[in-house]
Amino acid sequence: MQSSSRATLEIVSDTSKTLFLCGGAWTLNTLTDVAIILESYHPISPITWDITNVTELDSAGVALWHLYSRTFKKKGIISEIIGANDDHLRLYNLLYSHPYKEEPLPKNPSWLYMLGRETHHTVQGIGHFLAFLGEAFVLFFYTLLHPSQIRYRSIVAHIYTTGTQALPIIAVSAFLIGVVVAYQSVVQLQKFGADIFIVDMIGISLTRELAPLITAIVVAGRSGSAFTAQIGAMKMTQEIDAMKTMGFDPFIFLVWPRVIALMIVMPLLIFFADILGILGGMVIAQAQSHLSFTEFIHRLQGTLALKHYLIGILKGPFFAFLIAMVSTYRGFQVSSNTESIGHYTTKSVVNAIFLVIACDALFSILLTELKL
Amino acid sequence: MSPIIIKAHNIVTVLGENLIHDHISCTIRKNEIYALLGGSGSGKSTLLREMILLQRPQSGQLNVLGFDLKSITPIEAQNLRRQWGVLFQSGALYSSLSVGENIAMLYREYTDLPPNLINELVALKIDLVGLPPHARHLYPSQLSGGMIKRAALARALALDPKLLFLDEPTSGLDPLSSRQFDTLIRQLRDLLGLTVVMVTHDLDTIHHIIDRFALLGENKVIGEGTLEEVLQIDHPIVDYFFQKGSYGIQS
């Protein structure tokens, strides 16, 4: 409660005994000054706390008295209290009903322990992810044998949300990447009067590398995070547990529809990104080196071998598989506290983008070695 | 008669299309344990939320600790909020903070006390609600249902409020823990001079610790008073709620 009165503490001290004259309201809101005085007080002789004039007392007042009596006792000075009335005693007995035990602070573990623990967690995490993949594939083959269990409806719904709804953002990103690449190359190529090679530059770099990569990154940020959050929320509200008890396997109902949908959608999105990216390049080629659209397309037919396009499209399902698997896996790791959903969504996107880039690098090495 | 702490008069609440409260009135006095009862959807939690400034009624007067909630200024509201403690049904402990930090946060924000006095107070509150001392270092996700309720109660009691709101304090607890919780609430009321307002379904709680209550149903207050008084009322909801004549409370 609000109180206008203040807490007072008068210290009368000599070598044989110290008297603490306490008065006023000893409550949470008024005790700051008294606590600051006591914090820096060095007792020299046994203390008597006279609380006869304390008009109001709450748990903060009692705690203050008990804390500093203990502190002084550690310095070898005993305290006693006089003038306590029934109310004071009742409150004291409620708060300190049994002997006070000091709770030691938990020790901070050493850096070596932390390093070991983190390493162990990482290794264990890889193991868990492999186990997740294993279980997913067991159920994949199971559904192949029982095609009636495949969730077609769910797959279609996910194709809509991860594919159709992603078109605008992919269009803008791919177009801008085309613009950027064209701008940078035009400047260099013009120095050699080799403007026409802009077509080769745009055609090959976009279809083979940039369109798949930019599509995968947008999808990881957009759909990967959504998958983790959706499954995480279901985990928190025990919906996953409910599904399991009803015999609905989460892999069949939640994981595979997302993975399959994304694997179908990704090559299509990459194709879409190819077109928009090349369009972006065409616009810049015309603006900067007066290369008309017809000339551009004519040249493109000559230089862009089918294999570049096919390699780009082929990466799609692989990227999609990685993104969908990682993000659903992270979704299942969400625990019951509210913070973990954000934590795992972040992790899922970071992991997905990393895996996509690593996978892309692997493709580059592999295809170069195969002379493709 | 002890002074009135909360007075609701002709409260009307409409949520979307639904009429929740149709001119509801009730009075809560100092130092009593008062309950808002009623079936699911009877608007008791809504009424509680209106008392703690989380929701506003469409019309009617609501007076808490002398403040008229309709014309309260933001500064007064802030003042009022420091004078009560609220225990939510699911605890609503901040999951990123340990139990100790959940409680200490209030002291840090609202007082300038030195850290070791705050530390002492946190230990006291944890002990007061019957949690073991090491619980202060645990995070909400590591606690059982009963411990969460106790930790949330400790947080509600942190600033030594005179008014305590409890939303289904015993739901999800086993019968023994429920009775212990009831006893704790009553002890705190007696010793700290609290006024307690709770929403509950628990017939044992109603029987053992509630002084007076309001029974809500059909958008109205069907009865207000002590258990004996309300049981006198002849109304199907009273019969249904207290399972009169079957295995419920005998009058």
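In this predicted model, strand β3 of chain A, residues 47-57, runs parallel to β4(A), and the two are joined over four bridges. One residue pair places this register: A:Asp50 has A:Ile82 of β4(A) as its bridge partner. Both strands belong to an open sheet of four strands in chain A, ordered β1-β2-β3-β4 and mixed in its pairing. At the edges of the sheet stand β1 (7-13) and β4 (79-82) of chain A, each of which pairs on one side only. From one strand to the next, the twist averages 20°. Helix α2 of chain A, residues 59-74, packs on this sheet and touches β2 (18-26), β3 and β4 of chain A. The direction of helix α2(A) makes about 170° with that of β3(A).

The discussion now turns to the nonpolar interior. In soluble globular proteins, nonpolar side chains tend to be buried together. Here the largest nonpolar core has 93 residues, and A:Leu64 and B:Ala154 have the most contacts inside it. Helix α4(B) gives the most to this core, contributing eight residues. Beyond its neighbours within four places in sequence, B:Ala154 is in contact with B:Ile103, B:Lys125, B:Ile126, B:Leu128, B:Val129 and B:Leu131. Another core, of 54 residues, lies apart from the largest one and includes A:Ala166, A:Ala261, A:Ile278 and A:Val326.

The final topic is the meeting of the two chains. Contacts link 24 residues of chain B with 26 residues of chain A. On the side of chain B that touches chain A, helix α4 of chain B (residues 115-128) supplies the largest share, seven residues. That side of chain B comprises eleven nonpolar, eight polar and five charged residues.

Conventions. Residues are numbered from 1 along each chain as its sequence is written. Chains are lettered from A and ligands numbered from 1 in the order in which they are written. This is a predicted model: local features need pLDDT of at least 70, side-chain atom pairs count only at pLDDT 80 or more; totals for chains, interfaces and linings use all residues. Two residues are in contact if their C-beta atoms, placed from the backbone, lie within 7 Å. Ala, Val, Leu, Ile, Met, Phe, Trp, Tyr, Cys and Pro count as nonpolar, Asp, Glu, Lys and Arg as charged, and the others, Gly among them, as polar. Two strands pair if DSSP finds at least two bridges between them. Axes are lines fitted to C-alpha atoms, for helices over the stretch in contact, and angles run from 0 to 180 degrees between N-to-C directions. A nonpolar core is a set of buried Ala, Val, Leu, Ile, Met, Phe, Trp, Tyr and Cys residues joined through C-beta atoms within 7 Å. A residue is buried if 20 or more other C-beta atoms lie within 10 Å of its own, exposed if 12 or fewer, and partly exposed in between; C-beta atoms are placed from the backbone.
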